[in-house]
Amino acid sequence: DKYSLLLEIGGNKLLSLFPTEIEVFEDILLVLTKEYKQCHVHNIVNILLCISEMKRFSLTLQFLDKHGRNILNSLLKLLTDTTGTHTDTELAQVVSIYTNLIN
């Protein structure tokens with residue numbers, strides 16, 4: 001399934017596959033949100049951190065429609081509601097990067 005594939009590929013490989021921009025960003029967010037499992041928080045945070053390193057990342061976020069922004073906010077809420085499974089620093093970094101650019 002797509003969720004398992006994303007976890008297997010990981011953030012670094014996604015970054016190498018999409019160094020400039022990622023056309024399927026909203027699809028990735030949707031899969032990560034719908035299939036979210038608390039035991040994969042580290043993987044999801046890694047994917048989001050690596051995606052944020054893409055050259056046109058801020059532009060990608062700016063072009064997210066309302067539905068895409070809602071999906072992103074839902075995923076960030078799932079991640080922040082998870083406690084004890086991930087370092088606060090990395091999670092805080094993800095939340096900061098994404099919320100600063102969509103607000």
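Author: Ala, Val, Leu, Ile, Met, Phe, Trp, Tyr, Cys and Pro count as nonpolar, Asp, Glu, Lys and Arg as charged, and the others as polar. The model discussed here is predicted.

Reader: What makes up the lining of the largest pocket, by residue class?

Author: It divides into 10 nonpolar, no polar and 2 charged residues. K2 and D27 are in that lining, and Lys and Asp count as charged. Among the others are L5, I9, F18 and V24. Leu, Ile, Phe and Val count as nonpolar. The volume is about 190 Å³.

Reader: Which element gives the largest share of that lining?

Author: α1, with 6 residues. The elements giving two or more residues are α1 (2-17) and α2 (25-34).

Reader: How does the lining of the second largest pocket divide?

Author: Into 5 nonpolar, 1 polar and 5 charged residues. T60 is in the lining. Thr is not listed as nonpolar or charged, so Thr counts as polar. The lining also includes E21, R56 and D65. About 160 Å³ of space lies in this pocket. Here α2 and α4 (57-62) give two or more residues.

Reader: How do you know that C39 is in no disulfide?

Author: A disulfide needs two cysteine sulfur atoms within 2.5 Å. The nearest cysteine sulfur to that of C39 belongs to C50, 19 Å away. That fails the cut-off, so C39 is in no disulfide. The whole structure has 0 disulfides.

Reader: Why is C39 called exposed?

Author: Its relative accessibility is 62%. Exposed means over 50%, so C39 qualifies.

Reader: And why is C50 called buried?

Author: C50 has 4% relative accessibility. Buried means under 20%, so C50 counts as buried.

Note on methods
Residues are numbered from 1 along each chain as its sequence is written. This is a predicted model: local features need pLDDT of at least 70, side-chain atom pairs count only at pLDDT 80 or more; totals for chains, interfaces and linings use all residues. Side-chain values use heavy atoms; hydrogens and water are left out. Buried means under 20% relative accessible area, exposed over 50%, partly exposed in between (1.4 Å probe, protein chains only). On a 1 Å grid over the protein atoms alone, a cavity is a set of points where a 1.4 Å probe fits but cannot get out, and a pocket is an open set with protein on both sides within 12 Å along at least five of seven lines; lining residues have an atom within 4 Å of a point. Grid points are joined across faces, edges and corners, and a volume is the space filled by probe spheres set on the points. Helices (H or I, at least four residues) and strands (E, at least two) are DSSP runs, numbered from the N terminus.
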